[in-house]
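Student: I have a model open and want to learn to read burial and a ligand site. Can you walk me through?

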Amino acid sequence: MNLDWTIIPASAGALARGALITIALTVLTMAIAVPCGIGVAMLRESRLRPVALLATCFVELFRNLPIILVVYWAFYVMPVVFGIAFSPFITGLVALSLNNTAYNSETFRSGIKSIRKGQTEAALALGMSEAQAFRKIVLPQAWRRVLPVLATTWVTLFKDTSLVSVIAVGDLAHTAMQIRSQSFRVIEMLTAMAAIYWLLGYPQAKIADWIHKKFGVTE
Amino acid sequence: MTAATLAMQPAPRVVLQYRDVRKLYGDFVALSGVSMEVERGQVVCLIGPSGSGKSTLLRCTNALETLDGGELLFDGVPLPRDPASIRKVRQRMGMVFQNFELFPHKTAIQNVMMGPSTVLGLSEQQSRARAEALLVKVGLSDKAGNYPANLSGGQQQRVAIARALAMEPEVMLFDEPTSALDPETIGEVLNVMKALADDGMTMVVVTHEMTFARRVADHVVVFESGQIIEQGPPAQIFDAPIQARTRDFLGHLGWDA
Ligand SMILES: Nc1ncnc2c1ncn2[C@@H]1O[C@H](COP(=O)(O)OP(=O)(O)OP(=O)(O)O)[C@@H](O)[C@H]1O
Ligand SMILES: [Mg+2]
């Protein structure tokens, strides 16, 4: 077989740009999906039945749909609903955020539930409001418990961002596929893509392992 | 009423008054017809078998539970129902729990500072000064930087007492403060409580430590099945109980009157 690896240095700039977009998608998705996840988790515990039900429906819907379907769905539905076209990047970000918000809300909900009721009562007994008790006492403890799970979610998300390449977000997967179809250097580009994903993903996985070790077995 | 006229009023002698208090959990009657008083500066000990309603009464006292009947007056005023007023009441009562419930993500001193800084809005410096003084008082100034996980049970409970005292409460409620402790650390907690009582703190103490109740209490209340079966000064309860059931209960604990 006749391989020409020079295609890789030749497209280094484009690949680097793609990798940056992949990283940006991961970071922004998490930046959105963590606070939204906490919000949805709280809504699910709401005393207002319809609110709790709506939040539950949201979670069960987006947690159980394949991400790629949500990506396509956002691509075709968002322009109709909002009346304007969004960039592929924003569309991809919305799809990934919906899916990850649903996941994170479940993570936070179980984390919050794992904190003993006595902790809230001790805070209330000091004269704190329910909101203060949650923010100052329950949430910080829940954070430590869910951190390992969030780390795993992060590592998965980093790889799953490649799914948005189907709507032409200029991420790493999409960029590599573009170059492949223009240059016909299939093996070379797939290999380069695998190498870059791995090189970026491996340290993240190691950090996640470290977080598991450090925070996984408290109490 | 302005602060000045309030200050001129003599503080009511009775701090807590329970009138025919009733509490239900579903169909289950946890408390019924409970009437008793706690006077300023008194130590009142609640004793009785497991499940007799002692904790429930304490939890009703600082509104962690709501009453289903009767009245509970704090400084002559019925316990409020709206959240903001309930918080004001809780700020004036300290509560100490059987399993400490220290905040594990905070150091000992941060635990003690929590009330003053979050609830009273004191500055970092003021809360720290107050917390340091209280840690000295409970004999733990050298453990200020320890996390609860690095304190013994007795030390944790003393920090929990300091945390409650940091709100400068008028009443302290203790729910079996030594029941979760190793025998060798019970004494240090009871000593702190005794010192508080000697300082004139009003205290309601649920306990199985009969020696403590006998020595420190001004008034002892015996519970059984959600009701008070007998109450009176320790000399009466421990030496000459009127009710046979009081004698039975104490007898089971190995105490012979
Ligand atoms: N949240 C609740 N729901 C239902 N029943 C409850 C609840 N809390 C307490 N009870 C019941 O009320 C009764 C009184 O409980 P309480 O905790 O006041 O007893 P206690 O005198 O403090 O006992 P112990 O010495 O074991 O602490 C018990 O039978 C208990 O099972
Ligand atoms: Mg109890």
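Student: How many residues of α2(B) are buried?
Tutor: Buried means under 20% relative accessible area, exposed over 50%, and partly exposed in between, with a 1.4 Å probe and protein chains only. Helices (H or I, at least four residues) and strands (E, at least two) are DSSP runs, numbered from the N terminus. Seven of the eight residues of α2(B) are buried, so to read it: the helix is mostly covered. Among them are Lys54(B), Thr56(B) and Arg59(B). After α2(B) comes Ala63(B), with a positive phi near 65°.

Student: What can I trust here?
Tutor: This is a predicted model: local features need pLDDT of at least 70, side-chain atom pairs pLDDT 80 or more, while totals for chains, interfaces and linings use all residues. Residues are numbered from 1 along each chain as its sequence is written, chains are lettered from A and ligands numbered from 1 in the order written, and side-chain values use heavy atoms, without hydrogens and water.

Student: Which residues are closest to ligand 1?
Tutor: A residue is near a molecule if one of its heavy atoms lies within 4 Å of it. Ligand 1 has 13 residues around it, the closest being Ser50(B), Gly51(B), Lys54(B), Ser55(B) and Thr56(B). α2(B) gives the most to this shell, three residues.

Student: Which polar atoms meet its oxygens?
Tutor: A polar contact here is a pair of N or O atoms within 3.5 Å. A ligand 1 oxygen is 2.6 Å from a side-chain N or O atom of Ser55(B). Polar backbone atoms lie 2.7 Å from a ligand oxygen at Gly51(B) and 3.1 Å at Ser52(B).

Key: Polar contact = N/O pair within 3.5 Å; in protein donor to acceptor, adjacent residues only side chain to side chain.
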